[in-house]
Each structure stands twice: as C-alpha cells, then as structure tokens.
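The following report describes selected features of one protein model. It treats sheet pairing, helix faces, salt bridges and the surface in turn.

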Amino acid sequence: STHFFNTFLGVLSLSVDERLTIANMTTEWGALAGVFPIDKVTEEWLRSREKKLKGEHARINAKSIDDLFSDLPVADEGAKYAKEMVLDLAKVEPHVSGPNHVKVMKSVSEIEKENVKVHKAYLVSCVNSRAEDIAQAADIVKDKTVAKGVEFYVAAASSEVQSETEAAGDWQTLLEAGAIPLPPGCGPCIGLGKGLLEDGEVGISATNRNFKGRMGSRNAEAYLASPAVVAASALKGFICMPEHMVSECTPDKEGEDAGKMIEKKEEIVEGAESGAMADLPSLVDGFSTKLDASIVFCDEDNINTDGIYAGKYTYQDGMTPEQMGEVAMDNYDPGFNQEYKNGDILVAGFNFGTGSSREQAATCLKEKGIPLVIAGSFSATYVRNAFNNGYLCLECPGFVQKMREMRLGDGKLTSRPEVNASIDFARWVLVAEISGEVFTFEIAPVGQAAQELVVSGGLEAWVKSQM
C-alpha cells in the first residue's frame, strides 16, 4: 500500500474528497491501497456525515467515531518503507495526463501552448464528481457558455451528491452554461451509455483512467485533468488553465524538483533477482513441478486491464468463456492473435495489469489457453484477482530485461521470438535458450497459499473444498 504522511501540514490542507481521489489513483502505482492518517479533517468529516445520516447507522455513529479516536490506528514505530516521496504542495501546478496513458503527463501551462482542441469534456464518475468538484466547476462556468462544437457531460458521483449540488445551485449553473446532464454513477468513464468518444475525437475528463478505448473508440484520444481544468477547457474548446489560476500556477525553477523520490537505505523487500531465495516454499500436492513452453512477448510496461480485456466486454454478462478468450488482448493489440499460438506463455514488461480491478482481465487469459503470465512486476490488484481465479502470475524481471537487451520485441506491441522457456517450480528458476545461449533466471517464489488457489481453480473452489 501507499501511506501518506502529514508533513509540514501538507496533508491537513487536503479535504477528504481530495484524499479519496489521490487514494483511488494509487493503484496506478501498483499498490492495493492508499492510506491517509486519521486526523482532525477526518474527524470533522465523520461527525458531519453522522449528522447527515440522521439516526443510528451501523458503521458511522457517535460511538464508533469516539471509539476510533480513542485508539487511533497508526504506523508502527520504526516502520520501514521501500520509497519515500516528498512533495511540496505549494509548488505543484495543474497537470494533464495523456493521451491514452495515466503516466504520461504535461503541465497545463505547457500543453495549453499546443492548442489541443477538445470535442468532449467530462465531469463524471465517483472519483472527481463530488459536491466540491461540481462547485468548483460551477464557479468557473458561471455566466459563461460551453464552446461551440464541445459537448460537456456532467454526472454526479451519486444521487445524494446531485441533490446536494442542486440545493446549492451549482448543478443548475452547469446546465445553464450548456452542460449535458447524465444519471449519477458510472457512464462514459467505463464506456457505458451516452457521450462516448468517437473516431478521431479528443476528450478531456476528470475521471481516473484514460486507457485507449476505455471511453469509446480506440481511435480517439483521452486526457485526464482536474474538474477545474476540464470546465475551463469546455469553455475555451481546447485544453487550458482556468483564468483565475493562471497567475497562481506560474511555474518557477524552484518547483521543477518539487516531487522527489528518496530511496531508503534499508531495502525492505528484495526482488526476485536479489538472491533472497534461501527459504523456497515447497510445492503443494497437485501443483506443477515443471512447464516447458514457447512465449509470446508484449514488450510494454503498464499494460492495463482495459488493454487485456476491453471495457466494452466487461459488462456483457452473456460472454462465454470461449468468447472471453477470443477477445483477450485485442484492445492492447488487435494483431495479438496473429502472433499468439495456443499454449504460449505471455511475457510482458513491468507493472502488468495496472488499472481497473476486473477479474475478467485474468480469466480471459486463462480461457485463451495461456498457462501463465511472466512479467517484470505486476499490479498488486491484478495479482490478487489472478490468484483468486486460480491463475498463475510469475515475477521474473531478469528474464524480461534480458529479452529487452537482446531486442527480441522487434519494436512491435506483440512478437513471438524463437525462445523456449523451461520453468522448474521446485527450484523456482526459469531456463531459456535465447539466440543460441542458455540463461537461468530466478523467479519470485509463489507461496503455498497461492499455490493452493491455483490447484483448486480459484478462491471459490478452495472455500468449497474446505466446507
């Protein structure tokens, strides 16, 4: 997980809504969760929430809040972390992510110079369409009109939020500016309903993910930004800074290194190649001892769950397992099936399976006949979903790096190099013959609990076997 600390009152300046947005995005860093300290801001929010609920709520009530603050959960004294990032919030200016990648970013002041025209703008989803987000957007569009040729879609995070913004007058302000209302809850963010991006269109959205094809056509471009930047861009027709923030967010040289990664001297968790292989887990009954297979190589980092199993299929309940297998990876690379042969091991880069938590991104590969995935590293969420569905994921960064050193990806999204991999699960090593040379790589061992899930075919089947 990612743990946020209150240093020099930085975290105290963030509302609970802002903290929720940041915590939501930690999955893109490969974490399972983002954890903020429980502080005065948290208490005020909980007390306010309790009053709104008007009555005894099972989880949020005066006693539960009192109990929480009488014994606050805190990090252990001397707790150690793999990395620390110090960020001076006073020197952070608005950024835009994209197109089509969460991790590709530019400052708004920089991209504004490019005059990137937008066709659709979105203030929707659970992440950035809460009451204070809508109020911020309403302040920007008040007494103004959405630019000609731009469709500005708004949807509250919930019906409760919509009622609150209607009472405050913010919802009506957005509609008077020309915004198009959508029902509360999920919609364009995951490719559902009205207002999806079409071929050749550019969209800017205050949602949490913008992977290719997620919000509509694969031939569209999607950017992510704050509610304020989205609203301003809808008014101007191109990605831009809100007028009132231009002077506030002028970048200065001191701010260029505002976010700095600091490596801890003590390494907490060694990688698979570190030699920390002294206590190898023994194999449970039924777990394979060896696997020999050819490989299909997807030489990309951060391959996301939308690429593995497109959102347009996720909510089609009638998809059969065979159909799921047929469309696996086609949003990542429509030419994947031309390279893949049944039984190939899928080898990919680092942080495989980032993005939305959807179990179909694991089960579709299983149904396709891919026995397992090898990657430099995985999103923690993806690994959890995979093992809970009885699907094996192996971390072997040395193998991935060697493949890249020898340029076996051939510059393609998907390739099928002449490499045969032999996995010895008893020793947790992978032996591969590459261009006539034989290499041996250590694999991060899989514990017995995870092995049992693979043998059982998933968590549900394992639980049934224990009853």
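In which sense do β12 and strand β13 pair, and over how many bridges? The two strands, the latter spanning residues 345–348, pair in the parallel sense over four bridges. Within this pairing, V296 stands opposite L346 of β13. The model in which this is seen is a predicted one.

**The open sheet**

β12 and β13 belong to an open sheet of seven strands, arranged in the order β15-β14-β13-β12-β16-β17-β18, with mixed pairing. The edge strands are β15 (392–395) and β18 (437–442), each of which pairs on one side only. From one strand to the next, the twist averages 30 degrees. In general, the strands of a sheet are joined by backbone hydrogen bonds, and the pairing may be parallel or antiparallel.

Both senses of pairing can be followed from β12. With β13 the sense is parallel, whereas β12 (residues 290–298) and β16 (residues 420–424) pair in the antiparallel sense over five bridges. Two positions illustrate the register with β16: A293 stands opposite A421, and K290 has D424 as its bridge partner.

K290 also provides a link to strand β17 (residues 429–434), in which L430 is found. L430 and K290 are 140 residues apart in sequence, yet their C-alpha atoms are 9.8 Å apart in space. L430 counts as buried because its relative accessibility is 0%, the limit for this class being under 20%.

A second long-range relation involves S456, which is found in helix α16 (residues 448–456). The C-alpha atoms of S456 and F287 are separated by 9.6 Å, although the two residues are 169 positions apart along the chain. With a relative accessibility of 29%, S456 counts as partly exposed.

**The two faces of helix α6**

Which residues of helix α6 are buried? In this helix, which covers residues 159–168, they are V161, Q162 and T165. Viewed down the axis of α6, these buried residues fall within an arc of 100 degrees, and they therefore line one face of the helix. The face turned away from the buried side carries the exposed residues S159 and A167. Helix α6 thus presents a buried face, defined by that arc, and an opposite face with exposed residues.

**Salt bridges**

A search of the whole structure finds 17 salt bridges. Three of them are listed below with the distance between the closest N and O atoms.

| Salt bridge | N to O distance |
|---|---|
| R214 and D306 | 2.9 Å |
| E405 and K402 | 3.3 Å |
| E460 and K464 | 3.5 Å |

Why does the pair of R214 and D306 tie together parts that are 92 residues apart in sequence? R214 lies in the loop between β9 (202–205) and β10 (221–224), and D306 lies in helix α9 (residues 305–308), so the salt bridge connects these separate parts of the chain. Both R214 and D306 are buried.

The other two pairs in the table each lie within a single helix. E405 and K402 are three residues apart in helix α15 (residues 397–405), and they are therefore separated by about one helical turn. E405 is exposed, having a relative accessible area of 55%.

E460 and K464 are four residues apart in helix α17 (residues 459–466), a spacing that again corresponds to about one helical turn. Here E460 counts as exposed at 58% relative accessibility, and K464 counts as exposed at 54%. The limit that places these residues in the exposed class is over 50%. The exposed partners in α17 stand in contrast to R214 and D306, both of which are buried.

Salt bridges also occur as a network, in which E43, R47 and D66 are linked.

**A nonpolar surface patch**

Where does the surface carry a nonpolar patch, and which residues form it? The patch is made up of I22, W29 and M85, which together have about 290 Å² of accessible area. Of these residues, I22 lies in helix α1 (residues 16–25). I22 counts as partly exposed, because its relative accessibility is 30%.

Terms used. Residues numbered from 1 in each chain as written. Predicted model: local features only at pLDDT ≥ 70, side-chain atom pairs only at ≥ 80, totals over all residues. Heavy atoms only, no water. Patch = residues over 30% accessible without salt bridge, like charges linked within 9 Å, V, L, I, M, F, W, Y side chains within 5 Å. Areas by Shrake-Rupley, 256 points an atom, 1.4 Å probe, with all protein chains shown as cover. Salt bridge = Lys/Arg side-chain N within 4 Å of Asp/Glu carboxyl O. Buried < 20%, exposed > 50% of the residue type's maximum accessible area, 1.4 Å probe, protein only. Pairing = 2+ DSSP bridges. Axes fitted to C-alpha atoms, helices over the stretch in contact; angles between N-to-C directions. Arc of directions from axis to C-beta.
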